[in-house]
Amino acid sequence: MSAADLFRVLRRLTSQNLVLKILALVLAVAAWWFVTGESKVLVSFTVPLEIRNVPKGLTMTNKPEREVEVRLSGPSSLLSGMRPSEISAGVDLTNARAGRQLFTMDDRVVKVPPGIKVQRIFPSSIEVILDRTERRVIPVSVRIGGGAAVRKRVAKVEVDPLSVEIEALPEAFARMPVVYTEEVVPERTEGVLSVVTRVETREAYAKIVGDPNVRVKIYFKN
């Protein structure tokens, strides 16, 4: 193909749908002019603050702010109908370490729609305290409700598994020789009652690793 042939092909391609191309260009320029030409406004929103990616082996032992006030600027056409759900704020603790740390709240932690600018965030920083945790296997004990009369009728209790793994602050294990199930209230006191119930821990900063459910069998006296 000669240079003249190539030129003719290019000219034909650029001339196809020329009207639509010109119309699209005009609309784009008009939209740009409309958005950039209108007045800017300031609007404030209060949004939830998500604290995510706590490193393995650490737990957060303070209670930082869970909401932040975000002041935004932008065209009134964009901000007038904006909802708080369109804004997200989050602090990523992936690279955090044990101890007390301050995290600056800037436009890197707030996500807003295109065309909107973050002017201010309050508070300007949050404090996070991370402490190391340990994991230990703790025996499970069944909590039986229904009153003393019901418990007197119990001959034997079986639980499967016999223990669960708990992650907690090291000093918490001294207060937690066993972990209890939710209260099981038998509807009858004869034969064998088999139920699946949940293990719970009331120790602060403690959590069950894996499945918290256990199977309980209560054998009643004849």
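**Exercises on charged side chains**

At 70% relative accessibility, R202 counts as exposed, where buried means under 20% relative accessible area, exposed over 50%, and partly exposed in between (1.4 Å probe, protein chains only). The model is a predicted one, in which local features need pLDDT of at least 70 and side-chain atom pairs count only at pLDDT 80 or more, while totals for chains, interfaces and linings use all residues. Residues are numbered from 1 along each chain as its sequence is written, and side-chain values use heavy atoms, with hydrogens and water left out.

**Exercise 1.** Find the residue with which E200 forms a salt bridge, and the network that these residues belong to.

*Solution.* Begin with the term: a salt bridge is a side-chain nitrogen of Lys or Arg within 4 Å of a carboxyl oxygen of Asp or Glu. E200 forms one with R202, and their closest N and O atoms are 3.5 Å apart. Salt bridges with shared partners then join R143, E200 and R202 into one network. As for its surroundings, E200 is partly exposed at 26% relative accessibility.

**Exercise 2.** Describe the contacts that K156 makes with E158 and with Y219.

*Solution.* First, the side chains of K156 and E158 meet in a salt bridge, at 3.4 Å from N to O. Next, the charged end of K156 sits over the ring of Y219, 4.6 Å from its centre; this term asks that NZ of Lys or CZ of Arg be within 6 Å of the ring centre and within 35 degrees of the ring normal. Finally, K156 is partly exposed, with a relative accessible area of 41%, and E158 is partly exposed as well, at 32%.
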